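This report describes selected local features of one protein model. It goes through single residues, strands, a helix and internal space in turn.

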Amino acid sequence: MNRFTLTSQLQPAGDQPQAIKKLTDGFFRYPEQTLLGITGSGKTYTAAKVIQNIQMPTLVLTHNKTLAAQLYNEFKSFFPDNKVCYFVSYYDYYQPESYLPQTDTYIEKETQINQKIDQLRIEAMAALATRKDTIVVASVSCIYALGNPENFMAGMRTIRTGQELSRKTFLEQLIEMLYQRNDTELAAGRFRVRGDIVDMIQGFGGDIIRFEFFGRQIETISRLHPVSMAVEEIMTDVMLFPARPFVTGEDQRLRALDTIREELKGRLRELPMLEAHRLEQRTHYDLEMIEQIGTCKSIENYSRHFDGRAPGEPPFCLLDYFTHNPFSKDFLLLVDESHVTIPQVRGMYHGDHTRKKNLIDFGFRLPSAYDNRPLKFAEFEKYLNHVMYVSATPSEFERARSGQIVEQVVRPTGLLDPDITIRPIVNCIADLEKEIHSCIENGDRVLVTTLTKKSAEELAEYLTLHDIKARYMHSEIDTIERTKRIKELRLGEFDVMVGINLLREGLDIPEVALVAILDADKEGFLRNATSLIQTSGRAARNVRGRVILYADKHTDSIKHAVDETKRRRKIQAAYNKKHGITPKSIEKAIMEDLVPGEIAAILPGIPAHDQIIVLQEELQAAVERLDFESAIVIRDTLARIEKNARRGK
């Protein structure tokens with residue numbers, strides 16, 4: 001059995017060695033622990049070392065697709081010989097089914113599924129069913145209903161050369177495993193038949209697997225290149241996995257149809273005449289579709305019946321595939337950016353339940369639709385047996401539950417947290433101008449945060465009128481323009497960026513030596529202790545980095561942020577002195593425009609219709625290589641061109 005083997009030229013430095021040791025020892029002592037790792041301290045590398053030490057399957061949970069893709073690529077580079085998988089929502093577009101009683105408006109479900117991500121999800125399930133050395137990087141999609149892992153594993157088949165198996169029986173098995181026959185176009189989750197030869201591609205994609213029959217026996221199994229069809233390997237056996245996660249046997253389907261009819265009969269007695277008529281028509285139509293073709297639109301709303309779950313019982317999800325791993329019942333749950341991820345997990349169930357309530361109350365769905373849902377937070381907590389929360393600013397939830405909080409505040413680069421000073425609001429703009437000029441003389445950049453979009457725009461305009469090159473950035477600036485402005489700031493085409501919530505922009509600008517926070521004493525989401533510490537960290541990549549808080553009151557949040565920064569600086573300075581380290585600013589190459597150069601070159605000279613075709617192809621390519629930053633930019637460009645085309649521009 002493969003073991004986790006970390007491959008990296010890096011060596012533990014700064015606080016990493018002690019953090020790795022404490023977290024490794026703590027895995028066997030504490031159900032939950034926290035890595036408090038500041039910006040730039042190498043938290044991902046520390047986590048990778050812990051995974052190698054404990055040798056347990058690992059679920060890395062984070063709060064958005066972009067960060068998940070970044071972590072996926074990092075862990076793949078750390079563990080090239082092990083299985084690293086990616087599990088996020090497979091919807092490129094998702095309009096949930098809903099009903100607005102105020103206007104009597106029913107909105108039908110509309111989706112656009114990303115086939116590549118769907119395959120990656122199935123690959124993660126297959127990996128957890130067959131090996132221990134598996135890391136799955138996931139978004140909160142992992143707490144949504146997925147299908148019973150026992151059914152998935154029971155549906156797996158090992159096929160061997162020389163096995164007594166007729167072609168007819170083999171094809172029936174493939175259909176039971178939810179593969180679709182298509183003799184014209186072979187793709188993931190499909191098979192084709194040509195005489196005594198059956199070609200198929202697993203549900204997670206990959207090469208073509210060819211089975212050649214002689215009578216009632218499998219004569220040859222080979223692996224073919226999907227394009228050239230060249231034989232790449234003659235195989236003695238192959239493990240086949242179900243093409244889809246929701247695998248059910250015929251007995252389960254028949255039982256589900258009966259229990260759906262029973263639920264419908266009882267529900268019709270509870271509803272007014274109009275709603276009862278509507279529900280009866282819709283449900284009978286779905287039942288007929290399931291009987292005739294095995295599925296129906298939005299069949300997931302009946303998942304409780306197919307799983308055999310009782311009303312209110314939690315659905316199976318990806319976490320159950322970890323607990324059903326045949327090689328290890330224990331696993332590590334690594335919650336990245338836990339101060340954001342945990343609240344997001346907490347809120348998933350309530351939003352889903354609220355939307356479905358109207359559908360059920362007004363006769364569009366049976367009450368069992370409630371049970372096709374994400375986990376409730378109390379249900380999620382039952383999986384928290386070996387957890388490592390990772391955050392620069394862990395919340396009270398992590399602090400209260402953790403058996404130990406391991407700090408990683410010394411950076412391998414030796415950089416200190418930026419010094420924080422507090423100055424009065426009176427004449428703050430004049431003072432800010434003076435500080436900006438000082439930074440410009442040193443060739444540095446400045447970030448300024450305000451409380452409103454209007455004040456950000458007005459301040460940027462004011463600074464420009466006073467011979468300071470400044471731009472603003474807020475949510476109304478589209479992705480392409482935001483990316484452009486960040487690049488221009490780094491290149492020195494302007495010197496000051498004014499914004500509201502500069503935390504969410506993903507700013508990583510080593511040239512920034514000053515962060516100024518206006519109205520820092522206005523307590524709230526953007527001025528709480530966590531936000532102040534995180535925003536201050538924008539200056540932590542420059543050796544001259546510092547922070548100015550303009551405030552008339554020393555709020556509890558300001559006091560906490562200042563005290564925490566002083567504490568960290570003291571630890572960092574002592575470490576540098578002991579080890580003779582001289583801090584240096586981080587050097588980071590300025591990336592090219594996110595829109596691929598060939599697109600930027602070709603778009604201006606071709607008709608809008610052709611531009612749309614080019615961008616659609618590039619968008620798909622970007623998503624397949626998990627380059628979501630580029631995909632977002634291409635998507636926004638595509639939307640703008642399509643909008644202009646509709647207007648006749």
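Does Ser303 count as buried or exposed, and at what relative accessibility? The model is a predicted one, and in it Ser303 has a relative accessibility of 6%, so this residue counts as buried; the cut-off for that class is under 20%. Ser303 belongs to helix α9, which covers residues 303-307. Outside the four places on either side of it in sequence, Ser303 is in contact with Arg309, Asp371 and Asn372. Phe246 lies 57 residues from Ser303 in sequence, and the C-alpha atoms of the two are 8.7 Å apart.

Two other residues can be described in the same terms. Thr565, in helix α18, has a relative accessible area of 6% and is therefore buried. Its side chain reaches the backbone oxygen of Ala561 at 2.8 Å. Beyond four places in sequence, Thr565 touches Asp417, Pro418 and Ile420. Asp199 is part of strand β12 and is buried, because its relative accessible area is 1%. The side chain of Asp199 makes a polar contact of 2.8 Å with the side chain of Arg210. Residues touched by Asp199, again leaving out those up to four places away, include Leu186, Phe191, Ile208 and Met229.

The polar contacts are listed here.

| Group | Partner | Distance |
|---|---|---|
| Asp199 side chain | Arg210 side chain | 2.8 Å |
| Thr565 side chain | Ala561 backbone oxygen | 2.8 Å |
| Asn114 side-chain oxygen | Lys116 backbone nitrogen | within 3.0 Å |

**Strands**

Strand β12 is a member of an open sheet of six strands, in the order β10-β11-β12-β13-β14-β15 and with mixed pairing. At the edges are β10 (180-181) and β15 (231-235), each of which pairs on one side only. Strands β11 (residues 190-194) and β12 (residues 197-200) run antiparallel and are joined by four bridges. Phe191 has Met200 of β12 as its bridge partner.

Four bridges also join β9 (residues 157-160) to β16, and these two strands run antiparallel. Thr158 stands opposite Met239 of β16. Which side chains of β16 are buried? In this strand (residues 237-240) the side chains alternate: Val238 and Leu240 are buried and point to one face, whereas Asp237 and Met239 point to the other face and are not buried.

**Helix α4**

Helix α4 runs over residues 115-130, and its 16 residues should span 22 Å at 1.5 Å a residue; the end C-alpha atoms are 23 Å apart, which agrees. The helix is mostly covered, with 13 of its 16 residues buried. At its start, a side-chain oxygen of Asn114 comes to within 3.0 Å of the backbone nitrogen of Lys116.

**Internal space**

How many cavities of 30 Å³ or more are there? The count comes to three. The largest cavity holds about 120 Å³ of space and is lined by 13 residues. Thr39, Asp417, Ile533, Gly537 and Arg568 are the lining residues nearest its centre. Helices α17 (529-536) and α18 (556-579) each supply at least two residues of this lining, and α17 gives the largest share, three residues. Asp417, one of the residues nearest the cavity centre, is also touched by Thr565.

Note on methods
Residues numbered from 1 in each chain as written. Predicted model: local features only at pLDDT ≥ 70, side-chain atom pairs only at ≥ 80, totals over all residues. Heavy atoms only, no water. Pairing = 2+ DSSP bridges. Buried < 20%, exposed > 50% of the residue type's maximum accessible area, 1.4 Å probe, protein only. Contact = heavy atoms within 4.5 Å. Expected span 1.5 Å × (residues − 1). Polar contact = N/O pair within 3.5 Å; in protein donor to acceptor, adjacent residues only side chain to side chain. 1 Å grid on protein atoms, 1.4 Å probe; cavity = no way out; pocket = protein on both sides within 12 Å on 5 of 7 lines; lining within 4 Å. Points joined across faces, edges and corners; volume = space filled by probe spheres on them.
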